[in-house]
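Reader: I would like a close look at a single part of this model, with the residues around it described one after another and each value given as it was computed. Please take the part that you think can be followed furthest through the contacts, and keep the account connected.

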Amino acid sequence: RKKLSKIRFELDKLDNSLIKVIKKRTNLVKKVLALKDKKNQIVDQTRIKKILKNIRQKSLNNNIDPKITNKIWKNMISAYIDYEKRNFKKK
């Protein structure tokens, strides 16, 4: 039981670190969004495919199940696309 609590504590600390990384990523996405002139520039399928391919390779190189990272990145990309669409101000 103590081992489980200790591991969960470590997971909570890691989650706090992830929140800080997500904040940094969000700030960069805001900068990218400010440079886009048209709403149709938000989704770039070529870039998405390249990102997912790179994440797969990095996952394999680090002995991480690529299905896990693929799901995480697809969800993150989707969330940021939604964020950009909701916050796009130009015509």
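Author: What follows is a look at Glu 84 and its surroundings in a predicted model, widening step by step to the helices and the loop around it.

Glu 84 lies in helix H3, and at 7% relative accessibility it counts as buried, because the limit for that class is under 20%. Leaving aside neighbours within four places in sequence, Glu 84 is in contact with Val 29, Leu 33, Lys 36 and Ile 42. These four contacts can serve as starting points for the rest of the description.

Lys 36 comes first, since its side chain and that of Glu 84 meet in a salt bridge, with a distance of 2.8 Å from N to O. Lys 36 lies in the loop between H1 and H2 while Glu 84 belongs to helix H3, so the pair ties together parts that are 48 residues apart in sequence. Both partners, Lys 36 as well as Glu 84, are buried.

A search of the whole structure finds three salt bridges, and the other two can be set beside this one. Asp 82 forms a salt bridge with Arg 86, where the closest N and O atoms are 2.9 Å apart. Because they are four residues apart in helix H3, Asp 82 and Arg 86 are separated by about one helical turn. Asp 82 counts as partly exposed at 40% relative accessibility, whereas Arg 86 is exposed, its relative accessible area being 54%. The side chains of Glu 10 and Lys 13 also meet in a salt bridge, at 3.7 Å from N to O, and both of these residues lie in helix H1, three residues apart, which is about one turn of the helix. A general point about helices applies here: an α-helix has 3.6 residues a turn, so residues three or four places apart point the same way. Glu 10 is partly exposed at 38% relative accessibility, and Lys 13 is partly exposed at 42%.

Val 29 and Leu 33, two further contacts of Glu 84, lead to helix H1. The buried residues of this helix are Thr 26, Val 29 and Leu 33, and they pack against H3. Helix H1 covers residues 2-35, and at 1.5 Å a residue its 34 residues should span 50 Å, which agrees with the 50 Å between its end C-alpha atoms. Elsewhere on H1, Ile 22 counts as partly exposed, with a relative accessibility of 42%. Ile 22 belongs to a nonpolar patch on the surface, formed together with Ile 7, Leu 11, Leu 14, Leu 18 and Ile 19, and the accessible area of the patch is about 580 Å². As for where H1 stands relative to one residue of the core described next, the C-alpha atoms of Glu 10 and Ile 51 are separated by 28 Å, with their positions 41 residues apart along the chain.

Leu 33 and Ile 42, both of which touch Glu 84, are also members of the largest nonpolar core, which has nine residues in all and further includes Ile 48, Ile 51, Leu 52, Ile 55, Ile 77, Ile 81 and Phe 88. Helix H2 (45-61) and helix H3 (66-87) each supply at least two residues of this core, and H2 gives the most to it, with four residues. Ile 81 shows one set of the contacts here, since it touches Ile 42, Val 43 and Ile 48 when residues up to four places away in sequence are not counted.

Another member of the core, Ile 55, leads to the last stretch of this description. With residues up to four places away in sequence not counted, Thr 69 touches Ile 55, Ser 59 and Ile 64. Thr 69 lies in helix H3, and its relative accessibility of 8% means that it counts as buried. In the loop between H2 and H3 lies Asn 63, which has a positive phi of about 55° although it is not a glycine. Asn 63 is exposed, with a relative accessible area of 75%, in contrast to Glu 84, which counts as buried at 7%.

How values were computed:
Residues numbered from 1 in each chain as written. Predicted model: local features only at pLDDT ≥ 70, side-chain atom pairs only at ≥ 80, totals over all residues. Heavy atoms only, no water. Patch = residues over 30% accessible without salt bridge, like charges linked within 9 Å, V, L, I, M, F, W, Y side chains within 5 Å. Areas by Shrake-Rupley, 256 points an atom, 1.4 Å probe, with all protein chains shown as cover. Salt bridge = Lys/Arg side-chain N within 4 Å of Asp/Glu carboxyl O. Buried < 20%, exposed > 50% of the residue type's maximum accessible area, 1.4 Å probe, protein only. Core = buried A, V, L, I, M, F, W, Y, C linked by side-chain atoms within 4.5 Å. Contact = heavy atoms within 4.5 Å. Expected span 1.5 Å × (residues − 1).
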